[in-house]
Amino acid sequence: QMATIRLGKRTEKRAPLIKDFVPLAKLDDIVFGAWDPIPDDALTAAKKAGVLEDKDIEPIADFLKGIKPMPAVFDNKYVTRIHGTNVKKGKTKRDLAEQLRQDMRDFKAKNKCDRLVIVWCASTEIYIKAGPQHATIEQFEKAMDKNDDAIAPSMLYAYAAIMEGIPFCNGAPNLCVDTPALLKLAQDRGVPISGKDFKTGQTWMKTVVAPGLKARMLGLAGWYSTNILGNRDGEVLDDPQSFKTKEESKLSVLHT
């Protein structure tokens, strides 16, 4: 049940539910697929993560069991705490991006989908600053051909999605799609892109609580938060380089 949206002036009192206004796909019409460097199916992954209890998982166990990840584009250099075996091989990063594009086409055909949407919700990569490799699509493609370190796996997914005309949403604070090269590529091809970390956990709470503290004129000496789920996300963020990426995005909601 999504919220309502206001149409026209307030006085017109037109505020339909978003789902009645926008032709959103029904849950029964959605097929889920994934890439993952760890070969576990979704049921095994959910049980290992321990975020949901068995009683929550059981009713959809068969559905989850059916989701087996495709081999991922993954490189230990960018996420040091995970060691994946379900990983693509290629001479260059351009090769890997082409393999992802093929996966997208195959998935669409196999599942008879009208359209695809890709959401990056993988681990937070190490901190990368935008450089000349990200300035234009020509430089970006050249850097892919040269296996340049400035091109992280998340960027290859974003590039592949845009090239295939697939909307791409970035759910992690990585540089990812947020570069002049990929922004322009998306614009030129008319592909929607969005996101810079979902901020669904600690950061969301900060965003909600901080204005309340400010409104009460309460001074803060510091802000401490912890990953209580103890899942792979917490493990990845134990690495200072990955945490720096997260920290930059977390700070942005507290500055003012």
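Does D239 count as buried or exposed, and at what relative accessibility? Keep that residue in mind while the tour moves through the whole chain, and remember throughout that the model is predicted.

**The whole chain**

Begin with everything shown as a cartoon, coloured by secondary structure, where the protein chain resolves into eleven helices and three strands. Followed from the N terminus, these elements run α-α-α-α-α-β-α-α-β-α-β-α-α-α. The radius of gyration is 20 Å, close to the 18 Å that the globule rule gives for 256 residues, so the chain is as compact as a globular protein of that length. If you turn the C-alpha trace along its principal axes, the spans come to about 55 × 45 × 45 Å.

Switch next to a surface, which amounts to about 15900 Å² of accessible area, with 57% of it belonging to carbon and sulfur atoms. Colouring by charge brings up 39 positive and 34 negative charges, whose mean positions are 6 Å apart. Buried residues account for 35% of the 256 in the chain, and of the contacts between residues at least 6 apart in sequence, 64% join residues at least 24 apart.

**The largest nonpolar core**

Now hide the surface and select M104, F140, Y159, F168 and L182, which touch the most other members of the largest nonpolar core, a set of 42 residues. At least two residues of this core are supplied by each of α5 (93-110), β1 (118-120), α6 (137-145), α7 (153-163) and α8 (180-189). The largest share, nine residues, comes from α7.

Centre the view on L182 and display its surroundings: with neighbours within four places in sequence left aside, L182 is in contact with I137, F140, M155, A158, Y159, I162, C176 and V177. A second, separate core can be selected afterwards; this one has five residues, among them I38, F74, I82 and V236.

**Helix α7 and its cover**

Return to α7 and show its side chains. Eleven of the eleven residues of α7 are buried, so this helix is largely enclosed by the rest of the structure. To pick them out, select P153, S154, M155, L156, Y157, A158, Y159, A160, A161, I162 and M163. The cover over these buried residues includes α5, β1, α6, β2 (168-170), α8 and β3 (193-194), and displaying those elements one after another shows how the helix is surrounded. Moving on along the chain, α7 is followed by G165, which has a positive phi, near 75°.

**The loop at P192**

Select P192 next, in the loop between α8 and β3. Leaving aside neighbours within four places in sequence, P192 is in contact with P167 and with F168, the latter being one of the residues already picked out in the largest core. A distance drawn from the C-alpha atom of P192 to that of V117 reads 9.7 Å, although the two residues are 75 apart along the chain.

**Back to D239**

The last stop is the residue of the opening question, which is found in the loop between α10 (232-237) and α11 (240-251). Its relative accessibility is 9%, and because buried means under 20%, D239 counts as buried. With neighbours within four places in sequence set aside, D239 is in contact with T80, R81 and I126. Add V79 to the selection as well: D239 and V79 are separated by 160 residues in sequence, while their C-alpha atoms are 8.3 Å apart in space.

Terms used:
Residues are numbered from 1 along each chain as its sequence is written. This is a predicted model: local features need pLDDT of at least 70, side-chain atom pairs count only at pLDDT 80 or more; totals for chains, interfaces and linings use all residues. Side-chain values use heavy atoms; hydrogens and water are left out. Helices (H or I, at least four residues) and strands (E, at least two) are DSSP runs, numbered from the N terminus. The radius of gyration is taken over C-alpha atoms; the globule rule is 2.2 Å times the number of residues to the power 0.38. Buried means under 20% relative accessible area, exposed over 50%, partly exposed in between (1.4 Å probe, protein chains only). Contact means heavy atoms within 4.5 Å. Accessible areas come from the Shrake-Rupley method with a 1.4 Å probe; for residues, only the protein chains shown count as cover. Lys and Arg count as positive and Asp and Glu as negative; His and the chain ends are not counted. The place of a charge is taken as NZ of Lys, CZ of Arg, CG of Asp or CD of Glu. A nonpolar core is a set of buried Ala, Val, Leu, Ile, Met, Phe, Trp, Tyr and Cys residues joined through side-chain atoms within 4.5 Å.
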